[in-house]
Amino acid sequence: MRSIKIGTRNSPLALWQAREVARNLQNKNYKTDITPILSSGDKNLTQPLYTLGITGIFTKDLDIALLNKEVDIAVHSLKDIPTELPENISIIAVLERDYPQDVLVRKNDAATLEMKDLKIATSSLRRRAFWLREFPNTQFSDIRGNVQTRLKKLEENNFDATMFSLAAIERMSLNIDYELLPTMISAPAQGVVAVCARTEDAEIREIFANINHKQTQICIEIERNFLNTLEGGCTAPIGAFAEINEHNEVRFRGRLCSLDGKNCIETDEIFQWNDTENFGKIIAEKILSNGGKALMTEIKNTL
């Protein structure tokens with residue numbers, strides 16, 4: 001058996017994810033070789049992502065390495081992978097989701113401030129809009145970079161707090177205080193490690209069939225189909241989170257917000273899952289017919 005070459009971004013979190021995939025492979029007696037690749041999204045840390053006009057900015061360099069057969073698989077945070085994949089690239093496995101939540105991290109000197117008074121740093125349209133829904137007078141700053149870079153910027157700049165996915169903090173065992181944000185809804189597929197490969201590579205697909213976590217796969221497919229149906233390739237403030245129990249009963253929460261957070265359309269549904277219906281698409285179409293289409297047009301025109 002050949003050594004499986006794992007492509008990854010070179011941030012500490014991305015390397016953790018690649019090592020976790022490697023551990024799963026090694027547990028099944030496969031050899032691995034991790035190959036870090038600098039992504040376009042990591043090269044430009046000055047502009048917020050939504051101004052770059054590029055979907056898949058964190059994945060395209062790894063896509064190229066995959067298609068050029070420089071690596072056998074690419075490991076990503078699934079929320080970074082566009083819902084429309086390049087030709088001959090497939091998501092072949094996901095690991096079990098661990099920490100999907102968003103959390104707030106404050107500077108020490110902002111510890112006693114009320115949330116409505118915090119100056120927030122984030123470049124995520126979703127996090128901005130969902131925060132503005134609760135606290136409409138918030139001042140925002142842009143912030144980019146990996147977790148360590150953003151923590152450093154938080155200490156050095158004139159804002160009070162920023163937001164992370166809890167997965168980023170827990171996976172790297174960072175000793176920092178954070179607050180859970182129950183009013184937020186996660187980005188679709190947040191907290192999930194995904195493995196991509198060339199669609200034609202039957203050997204790799206077979207290997208990962210035994211690593212893929214089926215329950216997580218069901219949930220993220222609902223979330224990503226919801227996202228794909230709503231956005232049509234546009235970046236927008238969209239949250240989606242599905243959970244499934246042992247009886248195949250799914251609870252799905254979804255939200256589409258205007259950029260200023262004033263107009264939000266939400267859904268909270270429970271249904272019995274089966275493998276024939278596209279539940280994410282069905283739920284998204286309800287939102288589109290309930291004012292979501294006009295809201296998406298407004299967002300696209302503004303951006």
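**Helix H9 and its surroundings in a predicted model**

Reader: Which span should the 18 residues of H9 have at 1.5 Å a residue, and how far apart are its end C-alpha atoms?

Author: In this predicted model, the 18 residues of H9 should span 26 Å if each residue adds 1.5 Å, counting one step less than the number of residues. The expected span agrees with the model, because the end C-alpha atoms of H9 lie 26 Å apart.

Reader: Against which elements do the buried residues of H9 pack?

Author: The buried residues of H9 include Thr-216, Ile-222, Phe-226 and Leu-230. An α-helix has 3.6 residues a turn, so residues three or four places apart point the same way. The partners against which the buried residues of H9 pack are strand S4 (89–94), S11, S12, S13 and H10.

Reader: Which element gives the largest share of the largest nonpolar core?

Author: The largest nonpolar core holds 24 residues, and those with the most contacts inside it are Ile-222, Phe-226, Phe-252 and Leu-256. Two or more residues each come from helix H9 (214–231), strand S11 (238–244), strand S12 (249–257), strand S13 (264–272) and helix H10 (279–302). The largest share of this core is seven residues, and the element that gives them is H10.

Reader: How many residues are in the other core, which lies apart from the largest one?

Author: Among the members of this other core are Ile-4, Leu-25, Ile-73 and Val-195. It lies apart from the largest core, and its number of residues is 18.

Reader: Is Leu-78 buried or exposed?

Author: Leu-78 has its place in the loop between strand S3 (73–77) and S4. Leaving aside neighbours within four places in sequence, Leu-78 is in contact with Ile-91, Val-94, Ala-189, Val-192, Ala-194, Ile-220 and Arg-224. Because its relative accessibility is 0%, and the cut-off is under 20%, Leu-78 counts as buried.

Reader: How far apart in space are Leu-78 and Gln-190, C-alpha to C-alpha?

Author: Along the sequence, Leu-78 and Gln-190 are 112 residues apart. In space, from C-alpha to C-alpha, the distance between Leu-78 and Gln-190 is 6.7 Å.

Reader: How many residues of the lining of the second largest pocket are charged?

Author: The second largest pocket has a volume of about 300 Å³, and of the 14 residues that line it, the closest to its centre are Val-105, Arg-106, Lys-107, Asn-108 and Asp-177. Strand S5 (102–106) and helix H6 (147–156) each supply at least two residues of this lining. The lining divides into seven nonpolar residues and two polar ones, while the number of charged residues is five.

Methods. Residues numbered from 1 in each chain as written. Predicted model: local features only at pLDDT ≥ 70, side-chain atom pairs only at ≥ 80, totals over all residues. Heavy atoms only, no water. Core = buried A, V, L, I, M, F, W, Y, C linked by side-chain atoms within 4.5 Å. Buried < 20%, exposed > 50% of the residue type's maximum accessible area, 1.4 Å probe, protein only. Helix = DSSP H or I, 4+ residues; strand = E, 2+ residues; numbered from the N terminus. 1 Å grid on protein atoms, 1.4 Å probe; cavity = no way out; pocket = protein on both sides within 12 Å on 5 of 7 lines; lining within 4 Å. Points joined across faces, edges and corners; volume = space filled by probe spheres on them. Nonpolar A, V, L, I, M, F, W, Y, C, P; charged D, E, K, R; others polar. Contact = heavy atoms within 4.5 Å.
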